[in-house]
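Subject: Structure for you to look at

Hello,

Here is the structure I said I would pass on. My notes on what I found in it follow below.

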Amino acid sequence: MCPVRVTLIHNAGAGDGGSSGEALVARIAAAGHQVRHVSSREEGWQAALDAPADVVAVAGGDGTVARVVMAMRDRGVPVAVIPEGSANNVARTLGIGEGGPEPAGWARAPRRRLDVARAVAGGREWCFVESVGGGALADVLRRAAADPRDPGGAGSLRQGRHLLRLAASGAATAGW
């Protein structure tokens, strides 16, 4: 069997810190694969996706998974999700359990399609993988992105609940 060329995009800050980049590289290499490792926090990480690869592995939370999947759309290279975030909604939707698929099976693993959807409003376009929302949810995400205490977004359930309460207290009712 020829080794699988893997580009690993890793967000070490996802969830509770998850696996170290070195541990992930060792796990993938132990399966006989060639690994190129890049942190999602490095500027220009997307350039690593241009190198030849048989599989792109993404270890992180839903945001990291979404960014990699959107960058890989229409390239014909499968993406292996290694869930390391707090919610891991994308991985759970795909039936991927904790720790992700075993690298030894990546060469022959069944493939599933994951849609990258598009929303257009006010002359702007957004692509998304996990969800799209408006109203109070959009306000929560805007507030989370602007919070200097948590530059990665609503990083904890407590912070997310707090931001949702703030958004809901200022939201107009729809006449229900």
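Helix α2, residues 62–72, lies across β1, β3 and β4 and runs at about 160° to β3. Please keep in mind that this is a predicted model.

The strands under that helix belong to an open sheet of four strands, ordered β2-β1-β3-β4, with parallel pairing. Its edge strands are β2 (34–39) and β4 (79–83), each of which pairs on one side only. From one strand to the next, the twist averages 20°. Helix α1 (residues 21–30) also packs on this sheet, where it touches β1 (5–10), β2, β3 and β4. The direction of α1 makes about 160° with that of β1.

Within the sheet, β3 (residues 55–60) and β4 run parallel and are joined by five bridges. Ala59 stands opposite Ile82 in β4.

The other pairing to look at is antiparallel: β5 (residues 117–121) and β6 (residues 124–128) are paired over five bridges. Together they form a hairpin with two residues between the strands. Gly122, in the turn, has a positive phi of about 55°. Ala121 stands opposite Arg124 in β6.

As for the whole protein, there are five helices and six strands, and along the sequence they follow the pattern β-α-β-β-α-β-α-β-β-α-α. Of the 176 residues, 35% are buried. The protein exposes about 10800 Å², with carbon and sulfur atoms supplying 52% of that area. Among contacts with a separation of 6 or more, 57% are between residues 24 or more positions apart.

Regards

Terms used. Residues are numbered from 1 along each chain as its sequence is written. This is a predicted model: local features need pLDDT of at least 70, side-chain atom pairs count only at pLDDT 80 or more; totals for chains, interfaces and linings use all residues. Side-chain values use heavy atoms; hydrogens and water are left out. Two strands pair if DSSP finds at least two bridges between them. Buried means under 20% relative accessible area, exposed over 50%, partly exposed in between (1.4 Å probe, protein chains only). Contact means heavy atoms within 4.5 Å. Accessible areas come from the Shrake-Rupley method with a 1.4 Å probe; for residues, only the protein chains shown count as cover. Axes are lines fitted to C-alpha atoms, for helices over the stretch in contact, and angles run from 0 to 180 degrees between N-to-C directions.
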